[in-house]
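Please open the model in your viewer and keep the selection tool at hand. We will go step by step, beginning with the ligand and then turning to one of the helices beside it.

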Amino acid sequence: MSENNSRVVVVTGGSKGIGRSVCLKFAEEKARIVIVHYDTDDIAANETLNALAERGVEAESHKLDVSSFEAVDVLFNDIFSRFEKIDVLVNNAGITRDTLLMRMNEEDWDAVISVNLKSVFNCTRAVIRSMIKQRSGSICNISSVVGQIGNAGQANYSASKAGIMGFTKTVAREVAARGITVNGVAPGFIDTEMTAVLSEKAKEFFIRQIPSGNIGRPEDVAEAVYWLCSDAANYITGQILHVNGGLYM
Ligand code: NAP
């Protein structure tokens, strides 16, 4: 058995944005961190790994598509064989392919549902047996405010994020008696590469609807994720915590 008792944390989409902030938050407790990313080069992932190394944290990154059941299965088996456990899973990887429904093609639909929703099934399925066996574990799924209220131009994305909410509550019920919590965090409008593509006009439009009057930081989301995966929240399961400056109440 390994001598190292620190938690093993897997963060999908941990290379940048919200996922990177989640990794840096878990670094504060010196967790061992596994990052999964896919599409872009390794620059962002390496930046995150360097930031974690500076903090004295053992971390590694893997480039694979979380929407592939087989690829996820292979990775998680590898993690179990080397770390012997996974304590925390943060299902954070996500993409957008925004357009109005009448222009949305099958590929836009399938890509977003696969990366955002099927991946949550793939990764949760890959860890759940081990968490049940160890009778502990925390899973946090990153949803979105638009999964609750909808957003024109995001039928695929909001459906995937609403799907995450239903999945979260169902799995929470299935495993609560085994000491495992399954929660979601639903960010509002957060300053990352995902939202950087919006025009200034669109950003101003969204900000006007936020009661706090400002865009959120990835760290605001990371704090909520970390707390839901901490002992302090061990009687909280099946919940969706909204982090949105009041955009949805
Ligand atoms: P981001 O900066 O674009 O980061 C997305 C992350 O997901 C990257 O690490 C990316 O890695 C990874 N990823 C994408 N497709 C993947 C795939 N097929 N397999 C593995 N990894 C993949 O986005 P973000 O704003 O931080 O968003 C993080 C999560 O929060 C997403 O689920 C998003 O829907 C949700 N969210 C964001 C906001 C917001 O305002 N930013 C609001 C609500 C919810 P590569 O680049 O290497 O592919």
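**Starting at the ligand**

Select Ile190 together with the ligand, and you will find a polar backbone atom of Ile190 2.8 Å from an oxygen atom of the ligand. Keep in mind, as you look, that this is a predicted model. Taken alone, the ligand exposes 890 Å², and the protein buries 95% of that area.

Next, add His37, where a polar side-chain atom lies 2.9 Å from an oxygen atom of the ligand, and then Tyr38, which places a backbone N or O atom 3.1 Å from an oxygen atom of the ligand.

**Widening to the shell**

Now select the 30 residues around the ligand, of which Ser15, Asp39, Asn92, Tyr157 and Thr192 come nearest. If you colour this shell by class, you should see 13 nonpolar, twelve polar and five charged residues.

Which helices each supply at least two residues of this shell? They are H1 (17-27), H6 (155-175) and H7 (193-196), and H7 gives the most, with three residues.

**Following helix H6**

Select H6 from end to end: this helix has 21 residues and reaches 30 Å from its first C-alpha to its last, close to the 30 Å expected at 1.5 Å a residue. Then show its buried residues, among them Tyr157, Lys161, Ile164, Met165 and Val171. To see what the buried residues of H6 pack against, display helices H4 (106-134), H5 (146-149) and H7, along with strands S5 (137-142), S6 (180-187) and S7 (240-243).

Conventions: Residues are numbered from 1 along each chain as its sequence is written. This is a predicted model: local features need pLDDT of at least 70, side-chain atom pairs count only at pLDDT 80 or more; totals for chains, interfaces and linings use all residues. Side-chain values use heavy atoms; hydrogens and water are left out. A residue is near a molecule or strand if one of its heavy atoms lies within 4 Å of it. A polar contact is a pair of N or O atoms within 3.5 Å; within protein, one must be able to donate a hydrogen and the other to accept it, and residues adjacent in sequence count only if both atoms are side-chain atoms. Accessible areas come from the Shrake-Rupley method with a 1.4 Å probe; for residues, only the protein chains shown count as cover. Helices (H or I, at least four residues) and strands (E, at least two) are DSSP runs, numbered from the N terminus. Ala, Val, Leu, Ile, Met, Phe, Trp, Tyr, Cys and Pro count as nonpolar, Asp, Glu, Lys and Arg as charged, and the others, Gly among them, as polar. The expected span of a helix is 1.5 Å times one less than its number of residues. Buried means under 20% relative accessible area, exposed over 50%, partly exposed in between (1.4 Å probe, protein chains only). Contact means heavy atoms within 4.5 Å.
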